[in-house]
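I opened the model to look up three things. They are the fold of one chain, the surroundings of a DNA strand and the state of the cysteines.

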Number of protein chains: 2
Amino acid sequence: MVLDTGFALLADDGLAGLSMRALADRLGVQAPALYWHFTSKSELIGMMALALYHDARCAPPAGGDWQDWLISYGRALHQKLTGLRDGARLCAMAEPMRSKASLTAPAIAAPLTDRGLDQGFALDAIASVTSLALGWASFEANAPMHALLDGMIDVQRSFERGLAALVTGLAGGVSQNPAG
Amino acid sequence: MVLDTGFALLADDGLAGLSMRALADRLGVQAPALYWHFTSKSELIGMMALALYHDARCAPPAGGDWQDWLISYGRALHQKLTGLRDGARLCAMAEPMRSKASLTAPAIAAPLTDRGLDQGFALDAIASVTSLALGWASFEANAPMHALLDGMIDVQRSFERGLAALVTGLAGGVSQNPAG
DNA sequence: ACCTGAACACCGTTCAAGT
DNA sequence: ACCTGAACACCGTTCAAGT
């Protein structure tokens, strides 16, 4: 699979090294050949980002309530984004893909609606947890925010606190937004 | 100021149009001249990102408690990141700047420590709110997550909910992490 | 259906040289 | 101190042409 080679290249050389020519090289092919399979580099990156999100969605175990699922998902996503070199940058850069419908809203919400949440609330919750994980990963890797991070003893622990606070706060809002 | 021209160029042509040559053009100068003022394009982008964060930090009004400050700051940051074309992508891409110490941890925490929080907790809280705003802005602009966003009636409102939940959750944790 | 060779219009960056 | 001209080593992408 081309995407796997892309991930390997990303891990080795970072986002700057992820060029169509370098990727083609690893596949034993010329760069223009890639344009038979992908319409653009943008699409390739979009599909890589989608693969990352998909992995995180599959990470949480079957049991538990919706709060367990959110915590587990957020942790997995954060882990994937910081574990892979430039993973956060990749996902933050990915441009909108008009073509692929990917997943439908009910399908995305399913893990939470299965656990009793209504769909609107479920989408909000997933969006917020995804944002928190992506945002954290972004400026752990990046950021002109190093002073901030240097002041914190354990970044991992701080992320966990934020995640727990968010999910707790969401749970508090459920009463106004009945779960069914 | 060169940064202002950079922001104007970003607003007009997006991140793809923000090249050293194009920027130099707007300044009536040749591209290599920019390397007298900045060591690299990375540094330029880093400084633009820093300017964005700084503006958001200055946005909250003087009164109110620490929760008011966080909400106001989060809202301002999200607004800045989505209001400026490719603003989120710019901040997510910015590479770490080893050189400029920018702000010290106590200075960053000040708006919250002034309102009675201890510094460790303050840094955690700011980091989480910043992450949430950056993450939301990232995949509002980007994302292979369009199905998710399409399922939500009002993105702005959903972000507000997430922000409120996070701050509420943080407030719940304060009892364990005394405020002084 | 899948790939190559050659080319186009760009990049960021360096560096001697100018003033 | 500040800028130019010319160049280097790259990019993403297109397109005719091959098999």
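**Fold of chain A.** I read the elements of chain A from the N terminus on, and they run α-α-α-α-α-α-α-α-α-α. My tally for chain A is 10 helices and zero strands. I took helices (H or I, at least four residues) and strands (E, at least two) as DSSP runs, numbered from the N terminus.

**Ground rules.** I noted that this is a predicted model, where local features need pLDDT of at least 70, side-chain atom pairs count only at pLDDT 80 or more, and totals for chains, interfaces and linings use all residues. Residues are numbered from 1 along each chain as its sequence is written, chains are lettered from A and ligands numbered from 1 in the order in which they are written, and side-chain values use heavy atoms, with hydrogens and water left out.

**Burial and contacts.** I looked up burial next: 51% of the 180 residues of chain A count as buried. Buried means under 20% relative accessible area (1.4 Å probe, protein chains only). I then checked contacts (heavy atoms within 4.5 Å). Among those in chain A between residues at least 6 apart in sequence, 66% join residues at least 24 apart.

**DNA strand D.** Which residues are closest to DNA strand D? I found A:R21, A:Y35, A:K41, B:Q30 and B:H37, out of 15 residues that surround the strand. Near here means a heavy atom within 4 Å. Sugar and phosphate make up 54% of the atoms of DNA strand D that come within 4 Å of the protein. I sorted the residues of this surface into eight nonpolar, four polar and three charged. Ala, Val, Leu, Ile, Met, Phe, Trp, Tyr, Cys and Pro count as nonpolar, Asp, Glu, Lys and Arg as charged, and the others, Gly among them, as polar. Both α2 (20-26) of chain A and α3 (34-37) of chain B supply at least two residues each.

I went through single atom pairs. The side chain of A:R21 has an N or O atom 2.6 Å from a base nitrogen of DNA strand D. Phosphate oxygens of the strand lie 3.4 Å from a polar side-chain atom of A:S19 and 3.3 Å from one of B:W36.

**Cysteines.** I counted zero disulfides over all chains, a disulfide being a pair of cysteine sulfur atoms within 2.5 Å. Why is A:C91 not bonded to A:C58? The sulfur of A:C58 is the closest cysteine sulfur, but at 15 Å it is too far for a bond. I found the same distance of 15 Å from B:C91 to B:C58, again too far. A:C91 is buried, with a relative accessible area of 1%. B:C91 is also buried, at 1%.

Key
Buried means under 20% relative accessible area, exposed over 50%, partly exposed in between (1.4 Å probe, protein chains only). A polar contact is a pair of N or O atoms within 3.5 Å; within protein, one must be able to donate a hydrogen and the other to accept it, and residues adjacent in sequence count only if both atoms are side-chain atoms.
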